[in-house]
Every structure is written in C-alpha cells, then in structure tokens.
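Colleague: I'd love a close look at one part of this model, with the cut-offs spelled out. Could you start with the sheet and then follow up with the nonpolar packing?

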Amino acid sequence: MSRTALRICPLCEATCGLTLTIEGSRVTGARGDRDDVFSKGFICPKGASFGAVDGDPDRLRAPLLRMDGELREVSWQEAFDAVAAGIRPVVERYGANSVGVVLGNPNVHTMAGALYPPVLLAGLGTRSVFTASTVDQMPKHVSSGLLYGDANAIPVPDLDRTDHLLLIGANPLESNGSLCTAPDFPGRLKALKARGGTLTVIDPRRTRTARLADRHIAIRPGTDALLLAAMAQVLFAEDLVDLGTLTPHVQGLDELGSAVGEFTPEAVADACDVDAGTIRVLARELAAAPTAAVYGRIGSCTVPHGTLASWLVDVLAVLTGNLDRPGGSLFPQAATDRTPRPAGPSHGFSLGRWHSRVSGHPEAKGELPLSALAEEIDTATREGEPIRALIVVGANPVLSAPDGNRLDKALGSLDFMVSVDPYLNETSRHAHVVLPPPPPAQSPHHDFAFNTLAIRNQVRYTRPAVPLEPGRTAETEILARLVLAATGMHGADPSAVDDLVIGQSLGKAVKEPHSPVHGRDPHELAAQLTGVSGPERRLDMMLRLGPYGDGFGVRPDGLSLDRLLAHPHGIDLGPLASRLPQPLKTRSGKVELLPGPIADDLPRLREAMTRLPDGLVLVGRRHLRSNNSWMHNVPALTGGSNRCTLQIHPEDAERLGVRDGEPVRVKGAGGEVTAPAEVTDGVRPGVVSLPHGWGHDRPGTRLRHAAADPGVNVNQLLDGSLLDPLSGNAVLNGVPVVVAPVTPSVTEKLTALT
C-alpha cells in the first residue's frame, strides 16, 4: 500500500518542496508540493527523478575497507577502527597539515554536510583544506568579504520585484540558479517580462536563458570584468551615479571613479568584442530603470578576473542605488543565522593568512585552491610535509579539478584515504575506507546554506521520508563518528559531538550582550532543546537563537523546532528587506568600495584590454538534468540534450573541416580529449563548449550506466596553472584550445570499406 511524504529536494540549489509516493521503503514517484511556501509546486526533471536517484542500485550499502589491494564490505565498527588507525598516526608523526580535507558540492545539500565538517576541521586543526568553492564560487565570497567584511554576505537579485535584470555568465534555465536560491527561476524570469521588465543576458553562448532575453550580448569569454568596469566608467563619466539611501553606508566612491577611469567602452570594446555604443546603452538602461539587479555566476567566476567581475557586479548595484533595495539586490536573512549583532565596525576580511606549501597560493576563506591538491600530495619541498592522508567528503575532484590524471596518480600514493560517498566513483575508488551515506529519502533535510541565498525569507524542515534500512547508518552519525575517529576520540558516543557543539554555542550566546539569552544558564537552556536526535537539537538551538527565534521563551511567537514541525510545508518569513548597515563587518563599518587587494589587481585587468586570443577558446556548460558529476548514473537523467559533445560554430567547423556528429580532438595545456562535434550557432565564433562532470571511463568504479556512456573530462584540458590570483579559483572558461577532426587510421578505413 502506498503512502506520501514530504521532502525538500537536495538535487540542486532551488530547494523545491516535493511530495513523494512511497511503497514500502521505496520511493516510486515525486511531484511538486503545491502547498510548499517557497516552491509552490514547481518541479524540474531532477526532482521528478528523485525516486530513481534515491534507488540507484549502484549506491553502496555497506562500508568498504581495502584489504590485500581490494575494497571489501565490512561492518561500521571495522570501518571506523580503520579510519582511526589510518588518520591518527599520520597526525602524530607528521603534523595536522599532513592530513588534507576535501569537501564537495553535495555537502551544502545535506544537513550532515552543513553541521559536521566545521567540527572536523576545528578538531584536526589542518590548514590543508580544499573545497568545490575554488572551482566554482570563491570569487564571489572574496569580493563579498572585501566589500562587506563577510565572505558569506552575498546579496541576491530581488527577482520577483525588479524592473530590470542583467545576467552575466549565468544560465538559470539550465542550472535552476546558483548563489541565488529561487524555485522556478524560469517562471520568475517570464513573470519579469510579463510585468514589463527587461531581461538582458551576457553570455558567449545563446543559452535557453539567452533566448528568453530582450537582449543577448555574445561577449568574448573571460572579459566580463572589462565590460562591467566600462559600464561603471560610463556611470561616472555621464554623471549617472546615484547612491540614494546608500550614501551614509559607503566609502571610497571618489577613489573608485578614478580607478575605473581608464576602462572606457572604446578601450575595452575590442577585447570584449562588444560595441562601445552597446556598452553605453547597458549602463544607461541600468541607471534609468526604476529598480535593477545584476547577477553574475559561474561563467563570470571561473575566468582570469573572477574576483574583479564579482566585485563589479556589486559595484554596479551600489552606483545605481540598487544595493539593499527592494527590486535591486538584497541580503537574505535565514532563520538559522546568528543573532543579529549591532551595526558598527568589526574585524573585516583578510586574504593570505597562510599559503600553500608548493606554489605559495594564498588561502581564501580558510581554503587552498583545489587545483593545488595534486601537487600538495606528490611534491616534496622544504616547507613542511606533503599531504599523506586525505579525508574526502562528498567530492569527486578527479573529475571536478584540473588535470585529473595527475590527481588520479597522486591519490594512489597516499598513505591513507577515507571517502564519504554513496558511490565508488573516480575519486573514492582510491580510498582505503569508503563510508556510504544512505539515500536522501532516509535523511532529514534543512537548507542551512541555501536559505542564506534565498530570494524570499522562509524556513522548512523535513524528517526522513523513509526509515533507515537495516545495516544503514545515518549520514549525521557517519560524520560524527568520522570526527571522533579523526580527532583522537574514537569510540566515544557520536552524540558527544552534538553535545559539545551545543555546549560551546550556548556558552558563547549567554555571554553576548545582544543575545536573547544573555546572562542565562547554558545548561538550563540545553535542557529545553527538543528533537529526536542531536542534529535536531542543534537545529532547534539555531532556530531559537536566530533572528526569528523565540529566544528560549523570550518571544512566544518566535521560531523553534516544535513550531516548524507543526508547519510541514514551511513557514513564510516574508520578502527580502533592506538590512544595511547591520550585515557589514568591515573595519570601517561601511561598504568599502575599493579594497586594497582589488585596487592592486586592477593593473592586471588593464593589461587584458590589449590581449586578444589568436585561436579558439573553451567554455563549459550545464545541463538541466545533471548537477556536476552526480547524476550520470541515473538513466532517467541522461540522453537527449544531456550529452557530452563539443559545440562549435558553423564558421569554425567549416574552417577546420569538422563535421557534425564526427569525433574531434581537443587539446589544451593539461592534455587532450576526443568528443563528438555538435555544430551549432548556439556558440559564438571562436568559442567551443564542453559540459562539465563527464569522463566516467576509469577502471575500478561501480557506475554501470555512467560507464556505458562515459563522455570526456573537460578539466583534463587544464593543467591547473591558471587561477584567479585573489581567490585561487580555477580558470575554467576562456582558456585556449586547439581543435581538429580525428583522422581515421588505415585500419579504420579498411574496416569501413569491408
């Protein structure tokens, strides 16, 4: 007999509410939850395939331990015994930094991934930390840190109220949005146009989003910062700068005007391949709109000037008075945010507090570039020990980082590696211990990270839709036990981790004058927490201490876990509102428009005005039915348009002798791959495009469907040397490549004839 259960979709950043159909312990269907306060019934192909993702037969069901060179199923106790025996001796002999930690994108899609990795890093004390952020979004974190003093203070476009939206390097009709949590992004863009608003898309590809736009600017890849700087220059030169109510909260306006003075539309036009007159129109329209928002994403982050482009997105919002303004770009306020502190000067944001051992890359937000992981393992220097042990949680850097072949070899040389992953994939196949979390239907869900980026303030929580199967261990318990095993507390009860965090958090809260629990007894507060598990008690604590919380009884109508559970479709907390100056944590207490590291990097941008490519350049692309390398093992989400092809413009195809559907060889600094050509005018001349996340052809994995149509790894074309210097983010777009048709061998020709 079937039943239904609610679940928040964890398969992309839109966080849509789902209604699951369940037969026994199997999810047999998924539809949008029409009563969900945020998504209101919207669903995409990934959400509709939730049951197929959840029930993938290739998901690991028990821990694996490497014995005599082979990975074999063992008990959870044996697995964690091995973790403790593998990690602790490395720490004790070589130091904490000899243990690396890699955190992948899936961590921000689970409760466990949000709650436990910070405890793991604090307990280990290692500086060898790498995450997916440095192949994705780190430029936005760095620019926000420099502008606002907080790397996580990222303003999002007010999609539902803006009159004018400028998208650069973003394709939300395929990605469903990123660093902007918005269920039904396509519907919101159509609603913008229906109410008379304007949509402009700047992208070297004519994406589905670009086809919806009022104006599409096919910019040359990698020149986003130049175009945005020229728009800022026009605003100053034509006296269009109008900060409005932002004026008392901003410093450095005059200095900024001088800094962008050289970036005239005429000066950048050739580099961007965008007419100077068009650039002026873009700036004037932005300034003239009643409200306007600028949104840049991965296409403008994963380029040589990613931090400058991310900074300029927000600069344009400030110069037109659209930052912290309804209809412009606003700072969300999540229910689990810390108690808002009084506005005023704070500690600010720093870069380069330490550097990587081999190439000296500066840390950003406590992380080193993922591109540097291989060399930190395989290269000896006098500057400390190489990474000898690695903890990988929900990450597949062999596919997601540049030069996967080198990293593949480096992983095989480690003394010890543990991987938390539901699959034996291109990375986890190297592990000595694999700890598989259960399917998402068997896990609770709250979006700690994405609610800080949501276009409407709301809060939702869903308990597991299906009980844990026999032999399974909750992901929260897996990570709690990993913390204990890696930090010298192996054998302690996993609840000790949650108790420790609760005790420390409440101990700090009662000492903060602005806290609703100032002066109270932390033990008495801890006793009031509800929930059936440690993670639920932590969620209850965060809700009650947060900006909408009940303050442990101080505000009877405030949030708590019990109140949230009484609203299974979520609680709407209202539209985004102006919040300045409260979110600012800069040393000045103001928006610092021209931070020193940004000013120091502008000469490098000036040099780019005269540097034009002399051949083809590569860009990536996303598919609606995938998310990085996660979902290629699900038949319902592959095929059709979700194919690993090299898109190439007809003019370039004709010049190179490339024919549609035939194999082409693509060569870059890191290696070469062969993929079928897809001749299309959807890319501009001079640009080719390969999707990210493919390359499932390595031996030793257990991904049967993905291996049957493996595609190629676009990141193998990169050698890892190209980085945005401020953020350490890998340059994945606008990189030079050489493309040529594959010439059949004599044997292949004879075979074809016979």
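Modeller: Happy to; the sheet comes first, then the cores and two helices that contribute to one of them.

A quick word on the basis: this is a predicted model, in which local features need pLDDT of at least 70 and side-chain atom pairs count only at pLDDT 80 or more, while totals for chains, interfaces and linings use all residues. Numbering starts from 1 along each chain as its sequence is written, and side-chain values use heavy atoms, with hydrogens and water left out.

The sheet is open and has 7 strands, in the order S5-S4-S17-S16-S15-S6-S7, with mixed pairing. Strands (E, at least two residues) and helices (H or I, at least four) are DSSP runs numbered from the N terminus, and two strands pair if DSSP finds at least two bridges between them. At the edges stand S5 and S7 (129–131); each has a single partner strand, so one side of each lacks a neighbour in the sheet. From one strand to the next the twist averages 15°, with axes fitted to C-alpha atoms (for helices, over the stretch in contact) and angles running from 0 to 180 degrees between N-to-C directions.

Let's begin at the S5 edge. S4 (residues 64–67) and S5 (residues 70–73) run antiparallel and are joined by 4 bridges; Leu-65, for one, has Arg-72 in S5 as its bridge partner. The two strands form a hairpin with 2 residues between them, and in its turn Asp-68 has a positive phi of about 55°. Elsewhere in the sheet the sense changes: S6 (residues 99–103) and S15 (residues 389–393) run parallel, joined by 5 bridges, with Val-101 partnered by Ile-391 of S15.

Helices pack on this sheet too. H3 (residues 76–94) touches S4, S6, S15, S16 (416–420) and S17 (433–435), and its direction makes about 125° with that of S17; contact means heavy atoms within 4.5 Å. H5 (residues 117–124) lies across S6, S7 and S15, running at about 165° to S6.

Now for the nonpolar packing. A core here is a set of buried Ala, Val, Leu, Ile, Met, Phe, Trp, Tyr and Cys residues joined through side-chain atoms within 4.5 Å. The largest one has 64 residues, and Met-231, Phe-263 and Trp-311 are among the members that touch the most others. Elements that each supply at least two residues to this core include H6 (138–148), H10 (224–237), H13 (276–288) and H15. A second, separate core holds 52 residues, including Phe-130, Leu-390, Leu-411 and Val-688.

Within the largest core, Met-231 is a good place to zoom in. Setting aside residues up to four places away in sequence, Met-231 touches Leu-166, Ile-279, Leu-282, Ala-283, Leu-286 and Leu-316. In H13, the residues Ala-276, Ile-279, Leu-282, Ala-283 and Leu-286 are buried (under 20% relative accessible area, 1.4 Å probe, protein chains only; exposed is over 50%, partly exposed in between). Seen down the axis of H13, its buried residues fall within an arc of 120°, so they line one face of the helix; the arc is that of the directions from the helix axis to the C-beta atoms.

H15 (residues 306–319) also holds a polar residue worth a look, Ser-310. Ser-310 counts as buried because its relative accessibility is 3%. Beyond its neighbours within four places in sequence, Ser-310 contacts Pro-139, Lys-140, Ser-143 and Cys-301.
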